[in-house]
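Student: I'd like a close look at one part of this model, taken slowly. Could you walk me through it once I've put it up on screen?

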Amino acid sequence: MKENIVVKAKDMFLKFGFKSITMDDIACEMGISKKTIYKYFSNKELLIEESTQLVHKEVIEIIDSIVTKKFNAIEENFQIRRMFKEMFKYSETSPVYQLKKHYPEVYQKVVGYQIEICQGCFRDNIFKGISEGLYLETIDVENYVKFYYTLIFSISENTVLEKEASKLEYKALEYHIRAMATPAGIIELEKQLQNINN
């Protein structure tokens, strides 16, 4: 039952927002009493925290499944960005923005975990791109990881509308890749940009 509550809460939070969804809404949607939810979660913040951990788990699984498909580094980046767009397509406002604004304590707890996952993913992608001849060998990998992470999270933390955040994140990805790309990388980037616009 606890797992079912977390799954339902996660879906509702992402779709309608962390602030607007109440324990009553979740209980009503599931056809259970609010008392049942409080049996497992003494407050809404704890439920939000577990829901965000579930989102992280799903994100890691999807990233891993994309990485195993053996795309080149640039295509892999675009596939991951598409996955995020798909995952949050029903969100009106950016989930990260909502968390930071309405539940700063939960946000602080999840952000450290988020940094670790994302920086690891960005780092692996850069090394992969270098080995494929798509990214320059001379780049300072650690600083590029930090630059891109700062850019992406500044967008998701400060942009209210999810659609707007998604557009800006694609622009940030293009900016990130152009800064690292070899001539072969630029050709691949242009190909990926064509796919978005079609």
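By class, how many nonpolar, polar and charged residues does the lining of the second largest pocket have?

Tutor: Keep in mind that this is a predicted model. The lining of that second largest pocket has five nonpolar, two polar and four charged residues. The pocket holds about 180 Å³ of space, and the residues along it are Ile-60, Ile-63, Asp-64, Val-67, Glu-76, Ile-117, Gly-120, Cys-121, Asp-124, Asn-125 and Lys-128. Two elements, α4 and α7, give two or more residues each to this lining, and α7 gives the most, with six.

Now follow α4 out of the pocket. Helix α4 (residues 44-67) packs against helix α5 (residues 73-87) at an angle of about 145°, with the axes 10 Å apart, and α4 passes α5 in a right-handed crossing. On the α4 side the contact uses Val-55, Glu-58, Val-59, Ile-62, Ile-63, Ile-66 and Val-67, and these meet Glu-76, Gln-79, Ile-80, Met-83, Phe-84 and Met-87 of α5. By class, that contact comes to 10 nonpolar residues, one polar and two charged. Ile-63, Val-67 and Glu-76 belong to this contact and also line the second largest pocket.

Phe-84 takes you from the helix contact to the cavity. The structure holds one cavity of 30 Å³ or more, with a volume of about 550 Å³. It is lined by 29 residues, and Phe-84, Phe-88, Val-96, Gln-114 and Phe-153 are the closest to its centre. Two or more lining residues come from each of α4, α5, α6 (95-102), α7 (104-131), α8 (141-158) and α9 (162-180), with the largest share, seven residues, from α7. The lining has 20 nonpolar, six polar and three charged residues.

While you're on α5, check Arg-81, which sits in that helix. Arg-81 counts as buried because its relative accessibility is 8%, under the 20% cut-off. Leaving aside residues up to four places away in sequence, Arg-81 touches Tyr-148, Ile-152, Glu-169, Tyr-170 and Leu-173.

Tyr-170 then leads on to the largest pocket, as one of the residues nearest its centre, alongside Lys-85, Lys-163, Ser-166 and Lys-167. About 400 Å³ of space lies in this pocket, and 16 residues line it. Both α9 and α10 (183-197) supply at least two of them, with α9 giving the most, seven residues. By class, the lining splits into five nonpolar, three polar and eight charged residues.

How values were computed
Residues numbered from 1 in each chain as written. Predicted model: local features only at pLDDT ≥ 70, side-chain atom pairs only at ≥ 80, totals over all residues. Heavy atoms only, no water. Axes fitted to C-alpha atoms, helices over the stretch in contact; angles between N-to-C directions. Helix = DSSP H or I, 4+ residues; strand = E, 2+ residues; numbered from the N terminus. Left-handed = near helix turned anticlockwise from the far one by under 90°. Contact = heavy atoms within 4.5 Å. Nonpolar A, V, L, I, M, F, W, Y, C, P; charged D, E, K, R; others polar. 1 Å grid on protein atoms, 1.4 Å probe; cavity = no way out; pocket = protein on both sides within 12 Å on 5 of 7 lines; lining within 4 Å. Points joined across faces, edges and corners; volume = space filled by probe spheres on them. Buried < 20%, exposed > 50% of the residue type's maximum accessible area, 1.4 Å probe, protein only.
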